[in-house]
Every structure is written in C-alpha cells, then in structure tokens.
Amino acid sequence: MGFLKKLFRRSRATVQQLPSGSLTVDRNGEVVTSTVSSAYPKNLLREIGREVLLLFRESRVSQMPLGEVSIHYASLRITARELRGGAIIFLFPQTALTPTPNRPRL
Amino acid sequence: METQHKILILDDDNDWLELSRELLSHLPSKPEIRTANTSKRALAILDAEPVRLLICDLKMPRMDGLQVLAIVRRRFPELRTIVLSGLEDEEFRSRAYALGVDLFWLKTDMQRHGKMFTECLESLLGRDNDTGFRGIQSKSLMDIIQMECLSRSSTVLRITRGPLVAKLWLQDGELIDAEAEGVRGEVALRKILAWKAGTFENLPPEPNRQRTIQKSVNALLLESAQDMDEAANPTEPASIEQAAHRKTVWKLALLTREGADFVVAVPPEGQGEPESLGLGSQSSTSLVEWTRRAVEIARRLGERLDAGPISHITGQNLERQVLMLPRENKAFLVGWPTEVEGPLMEKSKKLVASWDS
C-alpha cells in the first residue's frame, strides 16, 4: 500500500527561501566562493552566475560595457560587479523588514 | 444554499489575529475564518483547502508578506488578496499593487473606517461564484468617472500612473475637485485624462473638500475627448508634420530638463518601431538589442528564483549610468551622466511616465 500513498500523495506547498549573501564566479560561470546558505540549491547559484555573466557579455557586445549591474525584483535585488571576466555577486532579499536597500544610489 | 466562503488571515501577531477573527465573524455572509501566524502555515492551509480571500500582513519574520503574495499570485491565481499592514509607506503600497493584490489597507484605517472595510470584504468575497463581474481593465478613466457619477457616489478616486499620483473628489455623483502634478481643478482633470493607463483605488469621501470644478462632468469629459481627438488625429499633412515636430521638441525638452543623456523606448519585437532620443552618433540598434536581451535574461532568472516581477535593472561604467524599466508594452532604457545626483530611479520613472503619456 505504501507505493499507492506515494503515487497519490498531494504535492505540498514548498517554500523556496530567497538566497541571501554573496558569491564569486569565474569567467566560465563556476562558483568559486559563496556565503549563501549551503541549504540553497547549488544549481540555482550556478544559474545566477551564468546569467549575470551573460548580462555583462551582452552589454560589451552592444558597445556599452558595464562594470556593475543590479537587477531589482519585487522580492530580491541582485547586484554584480565584473571581476576580471568573472563577477562578484551580492544577493539581497527585499523584505518589508529591510525596505532601505530598495533605494540604491541608482 | 449560500456558499460559506473561507477567509485566511495571515499575521505574526496572535492578538491581532484574534481581533480580526472577532471582527470578520460578524460579516453578513458569515464566512469561515482561518488564521495562520507564519507564512509556511498559511501556504499549507491554502494548499489543503479552498480559500476565497487571503488577508495578509507585510512585516513578518522569516518570509514576509510580499514574498508570500508573490508565491500566492502564481500558485493560486483565483485567490483574492488584501494587504493589511501597519507600514505607512507608499513604496509598500505600490509594491503590493504591483504584485496584483486586490486591496491595500492600513491597520489604522481599518479601525477608523471599519464599516467601509467590511463592505470591501463583502464585495471581494462576492455572494455567488457564478454571477457578478470583476475587473475593469478594459475601461478607460472616462468610463470609470462616468460610472461613479451615474451611481451618485461620494468618494475620492486615487489614480496612480507609475510615480505620478492624482486624486479626483466626487460628492453625490458630482466631480468637485481634481489634483495632479501640482495643479488643481479643470487643468488637473485634463492632465489626468491624458494618462493612457494606470491604477485607481477608492478612498473614503471627503465631504468638506473645497469645490474647484463648477462644470458638469459630461461637459468636461466631452471637451477633453475633443482635445485628445484633435491632438491624436490631425487631418492636414502640414499639421501632422507639425504635431510630430512638436512632440519631438517636447521630448527633447523633457530630456534636458531632467538631465538625462538619452532615452530608448523598445517595444516587443514585431510590435512597432523603437524610438530613441539623445544618442548622438551612437547607434540605437545595439542598445535596443541589449535592452531586449537584458530584460529577457532578467525575467528568466526571476522566474527560476521565484523573485517576483522585475522592477528595474541598473548598470554603470566610468562614463555613464543606465536604468532599464521594463513595462508591459515597452521597455525603456534611460542613460544618465555619472555626476547626476539624486534618486535616479524616481527621476527615470517620472521621465518615462511623462514620455509615454
């Protein structure tokens, strides 16, 4: 009967905590160092690194190379600085408890 | 038999939960009240039971209300949501509305205007699932004003278009005052009616508001409609050219006044031509392409991380700062010199809102 329970078990609402901390990625998008909780999925961290590098690469192609990029979501801010082809990335969850980070200098 | 709806109240303050339960149990439709003091518990209840309405606090430990609302909007699109917060900050109001909540109330207002709050709740709950209409996205502001006047309403309509906020005061179905962009009266009404899109909410009436508008609503709406028609459809070729020239000059003046370097407006591919001003010798094509790619990358990443919708993207190098504002029908890229001081986000939003109106 156990396998039937597994088959028909209702999926539970899962809560994915937003990442908080910083990480560095090399020019290939591999995570070199990270202060993000080890419980946070590694593949998502790699994805953040890859997408951020892609953003820098696209800016170079468009002849507007950028040294720093911030993506502001409703509940997360990602700030990245280019670092010799790689990047250092800061992740700030935007919560009601910490409204001030949503007012950066830019 | 009338359906008994369920309301879920999420707040980390247990005393407040009890108070709210007591208040809501007296609603005429006698809904079943569920409470949760953590976001995790609330999501578990929503997952297990059909809930009609979620009343959510914003400031909570671990996962706050904005995060819960972002998850709820995606997982339970039919759920109606109200934010009930003690945070008197316009930024939270706009962030909550950006997440698609139905109503935003301050806890102090709820206590002060208890009757109106319960009426709003009843209206959101709806007595019957199969009848009644919800959503007026396709209605223009003119329609909304006419509807309020026809129903002899007394209310204050607060209209928001990005960073621009305007108010219309209605008393017994008559428009008595308007305020927008630092002006009042008929001039303000004309400015508001020129806005193409935005959001609105009903605030409690202010019967003692000084009357500045004497003309009838219909006459004012008709005049505004004629003005807009003439501006939008000039008939003579010369006047078409003049209108286009005037528009360009006006936009350049706007750019100079705000101190921005350039603006690039990028519609989705195949849905119109990109528009740019202030770029000088630099090609707009590469910037248009970058804007599209950057928005696409950011959207993809946001979806993977459950981070909610993109508000904006910023970037800088030694020469320039850029700010990208993705909107529903267009993305805007605004370039600023590095030495510009002040809140560039607010300045860019204002520039884009005026640009597009």
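The exercises below work through a predicted model of two chains, A and B.

**Exercise 1. Chain inventory**

Task: State how many helices and strands each chain has, and what share of each chain is buried.

Solution:
- Start with chain A. It holds two helices and five strands.
- Read these from the N terminus. The order is α-β-β-α-β-β-β.
- Turn to chain B. Here there are twelve helices and 15 strands.
- Now take burial. A residue is called buried when 20 or more other C-beta atoms lie within 10 Å of its own. By that rule, 32% of the 106 residues in chain A are buried. For chain B, the figure is 31% of 357 residues.
- Finish with contacts between residues at least 6 apart in sequence. In chain B, 56% of them join residues at least 24 apart. In chain A, 40% of the contacts with a separation of 6 or more come from residues 24 or more positions apart.

**Exercise 2. The parallel sheet of chain B**

Task: Find the strand order of the parallel sheet in chain B, then say which strands stand at its edges and why one side of each has no neighbour.

Solution:
- Lay out the order. The open sheet has five strands, S2-S1-S3-S4-S5, with parallel pairing.
- Locate the edges. They are S2 (32-36) and S5 (103-106) of chain B; each has a single partner strand, so one side of each lacks a neighbour in the sheet.
- Add the twist. From one strand to the next, it averages 20°.
- Check one pair in detail. S1 (residues 6-10) of chain B runs parallel to S2(B), and five bridges join them. Within this pair, B:Lys6 is opposite B:Glu32.
- Place the helix. H6 (residues 114-125) of chain B packs on the sheet and touches S3 (53-56), S4 (80-85) and S5 of chain B. The direction of H6(B) makes about 160° with that of S5(B).

**Exercise 3. The antiparallel sheet and helix H8 of chain B**

Task: Give the strand order of the antiparallel five-stranded sheet in chain B, and identify the strands that H8(B) lies across.

Solution:
- Write the order. This open sheet runs S9-S8-S7-S6-S10, and its pairing is antiparallel.
- Mark the edges. S9 (183-184) and S10 (199-203) of chain B each pair on one side only.
- Examine S6 (residues 155-161) of chain B. Five bridges link S6(B) to S10(B) in the antiparallel sense. One of the positions to inspect is B:Leu157, whose bridge partner in S10(B) is B:Asn202.
- Lay the helix over the strands. H8(B) crosses S6, S7 (164-171), S8 (174-180) and S9 of chain B, at about 75° to S8(B).

**Exercise 4. One face of a helix**

Task: Which residues of helix H8 (residues 186-193) of chain B are buried, and why do they line one face?

Solution:
- List them. The buried residues are B:Ala188, B:Leu189, B:Ile192 and B:Leu193.
- Look down the axis of H8(B). The buried residues fall within an arc of 130°, so they line one face of the helix.
- Recall the geometry. An α-helix has 3.6 residues a turn, so residues three or four places apart point the same way.

**Exercise 5. An enclosed strand**

Task: How many residues of S15 (residues 331-337) of chain B are buried, and which strands pair with S15(B)?

Solution:
- Count burial. Six of the seven residues are buried, so S15(B) is largely enclosed by the rest of the structure.
- Take one partner. S11 (residues 262-266) of chain B pairs with S15(B) over five bridges, antiparallel. There, B:Phe262 has B:Gly335 as its bridge partner.
- Take another. S14 (residues 320-326) of chain B pairs with S15(B) over seven bridges, also antiparallel. Here B:Leu325 stands opposite B:Phe332.
- Trace the connection. A hairpin of four residues leads from S14(B) to S15(B).

**Exercise 6. Where the chains meet**

Task: How many residues does each chain bring to the contact, and which element of chain A gives the most?

Solution:
- Count both sides. Chain A brings 35 residues and chain B brings 52.
- Assign elements on the chain A side. H2 (42-61) and S3 (68-73) of chain A each supply at least two residues. H2(A) gives the most, with eight.
- Sort the chain A side by character. It divides into 19 nonpolar, ten polar and six charged residues.
- Look for pairing across the chains. Six bridges join S3(A) to S13 (residues 310-316) of chain B, antiparallel. A:Ile71 stands opposite B:Ile313 in S13(B).

Conventions: Residues are numbered from 1 along each chain as its sequence is written. Chains are lettered from A and ligands numbered from 1 in the order in which they are written. This is a predicted model: local features need pLDDT of at least 70, side-chain atom pairs count only at pLDDT 80 or more; totals for chains, interfaces and linings use all residues. Two strands pair if DSSP finds at least two bridges between them. Axes are lines fitted to C-alpha atoms, for helices over the stretch in contact, and angles run from 0 to 180 degrees between N-to-C directions. Two residues are in contact if their C-beta atoms, placed from the backbone, lie within 7 Å. A residue is buried if 20 or more other C-beta atoms lie within 10 Å of its own, exposed if 12 or fewer, and partly exposed in between; C-beta atoms are placed from the backbone. Ala, Val, Leu, Ile, Met, Phe, Trp, Tyr, Cys and Pro count as nonpolar, Asp, Glu, Lys and Arg as charged, and the others, Gly among them, as polar. The arc is that of the directions from the helix axis to the C-beta atoms.
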